[in-house]
Amino acid sequence: MASNKFVTLVTLLVVLLPTIAMATDYVVGGDSGWNTGVNYSAWAKDKMFHVGDALVFKYSSPPHNVFKVNGTGFKACVKPTGNDQPPLTSGNDRIELKTPGNKWYICATANHCDLGQKLVITVMDTAPASAPSSAVRGIIISGYQVFAAAVVGVFLAIAA
């Protein structure tokens, strides 16, 4: 009975580890962070965002903030009203991308959104089919392969 629990645990680890290891944190705006005067369309255009990745907004608070809005709010630079989601104001906000689709964010301070402090991205449902594009992802995958081989070796040794 204990070996069945062990096999179940190992199977879960082997299945879940690649998903966790493949997630990427994107610092919005790179070294410029979340500020006016940054072209967020240009920053985002060559990036592929996937479910499980996260956006990290780094900024001075005040004056900046982050509002998640819909497409209409994004185009009109209008923050949500009423009982909608409150703004993020920590200056180091991490938003996990949990669902696929378009995501819109603005800074609602004065005319910051009108000055371009807004971001739209499209989140993909699945991880890319091709090999990871960065060296870091390559190292993570290599580590995962070594881990999976070790788990299989341990399992075979126990089963023998």
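**Cores, cis bonds and positive phi**

Me: In this predicted model, which residues have the most contacts inside the largest nonpolar core?
Reply: Trp34, Phe49, Leu55, Phe57 and Leu119 do, in a core of 19 residues. Helix H2 (40-44), strand S3 (54-58) and strand S7 (118-124) each supply at least two of the core's residues.

Me: What makes Phe67, Val69, Ile106 and Cys113 part of a second core?
Reply: They are among the six residues of a separate core. Membership requires buried residues joined through side-chain atoms within 4.5 Å.

Me: Which residues does Leu119 touch?
Reply: Leaving out residues up to four places away in sequence, the partners include Val28, Trp34, Tyr40, Trp43, Leu55, Phe57 and Phe74. Lys103, Trp104 and Tyr105 are also among them.

Me: Why is Cys77 called buried?
Reply: Its relative accessible area is 18%. Buried means under 20%, so Cys77 qualifies.

Me: Why is Ala110 called exposed?
Reply: The relative accessible area of Ala110 is 73%. Exposed means over 50%, so the label holds.

Me: What is notable about phi in Cys77 and in Ala110?
Reply: Phi is positive in Cys77, near 55 degrees, and in Ala110, about 40 degrees. Neither Cys77 nor Ala110 is a glycine. Most residues other than glycine have a negative phi. Cys77 lies in the loop between helix H3 (71-76) and strand S5 (92-96). Ala110 is in the loop between strand S6 (101-106) and S7.

Me: Where are the cis peptide bonds of Pro62?
Reply: One joins Ser61 and Pro62, with omega about -15 degrees. Another runs from Pro62 to Pro63, with omega near 15 degrees. Pro62 sits in the loop between S3 and strand S4 (67-69), as does Pro63. Most peptide bonds are trans.

Note on methods
Residues are numbered from 1 along each chain as its sequence is written. This is a predicted model: local features need pLDDT of at least 70, side-chain atom pairs count only at pLDDT 80 or more; totals for chains, interfaces and linings use all residues. Side-chain values use heavy atoms; hydrogens and water are left out. Buried means under 20% relative accessible area, exposed over 50%, partly exposed in between (1.4 Å probe, protein chains only). Helices (H or I, at least four residues) and strands (E, at least two) are DSSP runs, numbered from the N terminus. Contact means heavy atoms within 4.5 Å.
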